[in-house]
Amino acid sequence: MKILAVTLKNLNSLRGTWNIDLTHNDYVSNGIFAVTGRTGAGKTTIFDAVCLALYAQTPRLGRIEGRKNEIMSKHTNDCGAKVKFEADGKIYVCEWTQERIYGKFQTKHSVSLNGVPINDSQKQRETISLITQITGMDFKRFVQA
């Protein structure tokens, strides 16, 4: 599995939409990079976004579901994470979003192959199962890697 891009919206201190294109020449030509910054700058949030997009949970907060969402930026009503990745020569996009409507959270979690959805975005378990099959890693193994 190779992560190609990460997009996140309204997660923790990173309000608004943020895009990281890991196929950009600055990342590819240097071969290695580090995520650095001061406390509270959003370093861990980037990794949270990857975990959310793929597995609908983070190592710090567990599953983000139900009536509680501690990862959504304050004073916002929606948040999300999207990861574009390559596995076995195929390009996948996995996306997790959550929206607060009348105090309740509505979550969508989907995966697509070459732009074509391969699951029902209302069934998180199905998406997580597909990601585990595609990557060969469940959440615990992914976090360890």
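Which element gives the most to the lining of the largest pocket? Hold that thought for a moment, everyone. One thing up front: what you see here is a predicted model.

Okay, the answer is helix 2, which gives four residues to that lining. The pocket itself has a volume of about 420 Å³. There are 17 residues lining the pocket, and the closest to its centre are I3, V35, I46, F47 and V50. If you want to know which elements give two or more residues to the lining, they are strand 1, helix 2 and helix 4. And here's the bit I like: the lining divides into 17 nonpolar residues, no polar ones and no charged ones. How do people find such places at all? Rolling a probe the size of a water molecule over the atoms shows where empty space is left.

Now let's move to the core, and you'll hear helix 2 again. The largest nonpolar core has 33 residues, and L11, L54, Y55 and F85 are the ones with the most contacts inside it. Quite a list of elements gives two or more residues to this core: strand 1 (2-11), helix 2, strand 5 (78-87), strand 6 (90-101), strand 7 (104-113), helix 3 (124-135) and helix 4 (139-144). Of the elements, helix 2 gives the most here too, with eight residues.

Click on F85 if you have the model open. Leaving aside its neighbours within four places in sequence, F85 is in contact with M1, K2, I3, L4, L54, K90, I91, Y92, C94, I131, I134 and T135. You may recognise L54 from the core, and I3 from the residues closest to the pocket centre.

Next, charges. Side chains of opposite charge can pair when their charged atoms come close. How many salt bridges does the structure hold? Two.

The first one I'll show you joins K9 and D78, with the closest N and O atoms 2.7 Å apart. K9 sits in strand 1 and D78 in strand 5, so this pair ties together parts that are 69 residues apart in sequence. Are these two residues buried or exposed? Somewhere in between: K9 has 32% relative accessibility, so it counts as partly exposed, and D78, at 25%, is partly exposed as well.

The other salt bridge is between R60 and D48, and there the closest N and O atoms are 2.2 Å apart. This pair also links distant parts of the chain, 12 residues apart: R60 is in the loop between strand 3 (57-58) and strand 4 (62-63), while D48 is in helix 2. R60 is partly exposed, at 48% relative accessibility. What about D48, buried or exposed? Buried means under 20% relative accessible area, and D48 comes in at 2%, so D48 counts as buried.

Let's stay with D48 for a second. Helix 2 runs over residues 43-55, and D48 lies in it. Not counting residues up to four places away in sequence, D48 touches N12, T58, P59, R60 and I71. So R60, the salt-bridge partner, is in that list, because contacts and salt bridges are both about atoms being within a set distance.

That list also brings us to N12, which has a little backbone quirk. Most residues other than glycine have a negative phi, and most peptide bonds are trans. Phi of N12, however, is near 50°, a positive value in a residue other than glycine. You'll find N12 in the loop between strand 1 and strand 2, and N12 is partly exposed, at 22% relative accessibility.

N114 does something of the kind: its phi is positive, about 50°, although N114 is not a glycine. N114 is in the loop between strand 7 and strand 8 (116-117). With a relative accessible area of 59%, N114 is exposed.

Two last stops. R15 is in strand 2 (residues 14-21), and R15 is partly exposed at 48% relative accessibility. Setting aside residues up to four places away in sequence, R15 touches N10, S73, K74, H75 and T76. Look at H75 in that list: R15 and H75 are 60 residues apart along the chain, and their C-alpha atoms are separated by 9.6 Å.

Then there's G42, in the loop between helix 1 (25-30) and helix 2. G42 is buried, with a relative accessible area of 10%. Apart from neighbours within four places in sequence, G42 is in contact with S13 and L14. For G42 and K104, which are 62 residues apart along the chain, the C-alpha atoms are separated by 26 Å.

Technical notes: Residues are numbered from 1 along each chain as its sequence is written. This is a predicted model: local features need pLDDT of at least 70, side-chain atom pairs count only at pLDDT 80 or more; totals for chains, interfaces and linings use all residues. Side-chain values use heavy atoms; hydrogens and water are left out. Contact means heavy atoms within 4.5 Å. A nonpolar core is a set of buried Ala, Val, Leu, Ile, Met, Phe, Trp, Tyr and Cys residues joined through side-chain atoms within 4.5 Å. Buried means under 20% relative accessible area, exposed over 50%, partly exposed in between (1.4 Å probe, protein chains only). On a 1 Å grid over the protein atoms alone, a cavity is a set of points where a 1.4 Å probe fits but cannot get out, and a pocket is an open set with protein on both sides within 12 Å along at least five of seven lines; lining residues have an atom within 4 Å of a point. Grid points are joined across faces, edges and corners, and a volume is the space filled by probe spheres set on the points. Ala, Val, Leu, Ile, Met, Phe, Trp, Tyr, Cys and Pro count as nonpolar, Asp, Glu, Lys and Arg as charged, and the others, Gly among them, as polar. A salt bridge is a side-chain nitrogen of Lys or Arg within 4 Å of a carboxyl oxygen of Asp or Glu.
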